[in-house]
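Good morning. Please have the sequence and the structure open while I talk.

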Amino acid sequence: MRRGLLLYNPAAGRISVRPFLRGILRSLNAAGWQMDVVEALSSSHTTRAARQAALENYEAVFAIGGDGTIGHVTAGLMGSETALAPIPGGTANVWGREQGMKPFTWYRWWALKENARLLANSPAQYVDVGLCNERPFLMWAGIGLDALAIHKMEPRSRFVKYLSVPQFFATTVWEATFWHGMDLRVLADGKQIDGHFLLAVATNIRHYVGGMTLLSPDAFLDDGQMDLWLFSGNNMADAFRHFFDMLADRHLTSEQARCVPFREAHIESEEAFSLQMDGEPMLGGQRADLAIRARSLKVLMPRKALHLLKNPS
């Protein structure tokens, strides 16, 4: 049997995943996996547990949680031959949505078991991982308005997570009332860009804003580069315009939104900015150094998601 670790975040999502663990384990055992179980106690513990699984040559870590949990497991597995198998159990689950997996809700309580069964028989692929100030991220690293909103929202109670979309929207609007953007100097693969921006987001995936929008519809997970999106503006009206432009895909042709593909980028500001990575608040500063580690993470991916890869194995 293949040896796997089930690493779950008990605080993730609107519903506790703990009562569903037995059914998940039965599905994985039936698919030929011998499983150990670890409860994630904190973000740092999640990364340490994943790193230990890699050192002990587990074939995969089945991570149950949200996008932040997936990011912390990524930090522990990057560069190893132990695969990440993300089972969506959080609030937004943008990675899972992009992979075509069913969300876990009260009216779809069997989704955890179904997604575990799907991943148990999925092929392993290699994807890129981003580094922001030497910290790994799988999906995004953002500075500016989105990071300000995430810093205000986290941590959240389970009840508040039922209002995640309106809460994020309301918090972002509130922050946009007082946020007037920042002057940034960007150096991306040797090309310099100076400007005043509300938001800067480096993305490795296609979706953004809780999966509501397609930010980079042509992005690939394994092409050795990411997109850096720079959104100009200095007031709430500009923030609303960018949001509705993204909903309608108008940002792709907007003069106020710029996409810069990069392998290495440096962002500097004279004032300190907030930072988020994979939807989790991180310590900000006046500089963000971004780099790509091409195909440095092994991931179990459903076959229906292989179109997200430029060179599937």
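I will go through helix packing, then aromatic pairs, then a few single residues.

Before that, one caution: this is a predicted model.

Let me start with helices. Two packed helices are described by the angle between their axes and the distance between the axes. Take helix 1, residues 21-30, and helix 5. Their axes come within 9 Å and cross at roughly 25 degrees. Angles under 35 degrees count as roughly parallel, and helix 1 and helix 5 are therefore roughly parallel to each other. Helix 1 passes helix 5 in a right-handed crossing. On the helix 1 side, the contact is made by Gly23, Ile24, Ser27 and Leu28. On the helix 5 side, Leu112, Lys113, Ala116, Arg117 and Ala120 take part. Sorted by class, this contact of helix 1 with helix 5 has 5 nonpolar, 2 polar and 2 charged residues.

Now the second pair, helix 2 and helix 3. Helix 2 covers residues 43-55 and helix 3 covers residues 67-77. They pack at an angle of about 40 degrees, and their axes are 7 Å apart. Which word describes how helix 2 and helix 3 lie to each other? The angle of about 40 degrees is not under 35 degrees, the cut-off for roughly parallel. Helix 2 and helix 3 are therefore oblique to each other. The crossing of helix 2 past helix 3 is right-handed. Helix 2 brings Ser43, Thr46, Thr47, Ala50, Arg51 and Ala54 to the contact. These meet Thr69, His72, Val73, Ala75, Gly76 and Leu77 of helix 3. By class, the contact of helix 2 with helix 3 has 5 nonpolar, 6 polar and 1 charged residues.

Back to helix 5 for one residue, Ala120. Helix 5 runs over residues 111-120, and Ala120 lies in it. Is Ala120 buried or exposed? Its relative accessibility is 1%, so Ala120 counts as buried. Not counting residues up to four places away in sequence, Ala120 touches Arg2, Leu28, Ala31, Trp33 and Phe62. Leu28 is also one of the helix 1 residues in the contact with helix 5.

Trp33 and Phe62 bring us to aromatic pairs. How many aromatic pairs does a search of the whole structure find? It finds 7. Trp33 and Phe62 form one that is edge-to-face, with 5.0 Å centre to centre and 85 degrees between the planes. This pair links distant parts of the chain: Trp33 sits in strand 2, residues 33-39, and Phe62 in strand 3, residues 60-65, 29 residues apart. Both Trp33 and Phe62 are buried.

Another pair is Trp140 with Tyr208. Their ring centres are 6.3 Å apart and the planes are at 70 degrees, so the pair is edge-to-face. Here too, distant parts of the chain are linked: Trp140 is in strand 7, residues 140-144, and Tyr208 is in strand 10, residues 207-208, 68 residues apart. Trp140 has 5% relative accessibility and so counts as buried. Tyr208 is buried as well, at 6%. Ring pairs also link Phe240, Phe243 and Phe244 into a cluster.

Trp140 leads to the next stop, Gly279. Leaving aside neighbours within four places in sequence, Gly279 is in contact with Trp140 and Ile150. Gly279 has its place in the loop between strand 14, 264-277, and strand 15, 280-300. With a relative accessible area of 22%, Gly279 is partly exposed. Gly279 and Ala141 are 138 residues apart in sequence, and their C-alpha atoms are 8.2 Å apart in space. Set beside that Ala120 and Arg258, 138 residues apart along the chain, with C-alpha atoms separated by 39 Å.

The loop that holds Gly279 also holds Asp278, between strand 14 and strand 15. Most residues other than glycine have a negative phi. Asp278 is not a glycine, yet has a positive phi of about 55 degrees. At 3% relative accessibility, Asp278 counts as buried. Glu134 is not a glycine either, and has a positive phi of about 75 degrees. Glu134 lies in the loop between strand 5, 124-132, and strand 6, 135-137. Its relative accessibility is 65%, so Glu134 counts as exposed.

Last, Ser232, found in strand 12, residues 226-232. Ser232 is buried, with a relative accessible area of 17%. Beyond its neighbours within four places in sequence, its contacts include His196, Phe197 and Asp238.

That is the end of the talk.

Methods
Residues numbered from 1 in each chain as written. Predicted model: local features only at pLDDT ≥ 70, side-chain atom pairs only at ≥ 80, totals over all residues. Heavy atoms only, no water. Helix = DSSP H or I, 4+ residues; strand = E, 2+ residues; numbered from the N terminus. Buried < 20%, exposed > 50% of the residue type's maximum accessible area, 1.4 Å probe, protein only. Contact = heavy atoms within 4.5 Å. Axes fitted to C-alpha atoms, helices over the stretch in contact; angles between N-to-C directions. Parallel < 35°, antiparallel > 145°, perpendicular 65-115°, else oblique. Left-handed = near helix turned anticlockwise from the far one by under 90°. Nonpolar A, V, L, I, M, F, W, Y, C, P; charged D, E, K, R; others polar. Phe/Tyr/Trp six-rings, centres within 6.5 Å; stacked < 30°, edge-to-face > 60°.
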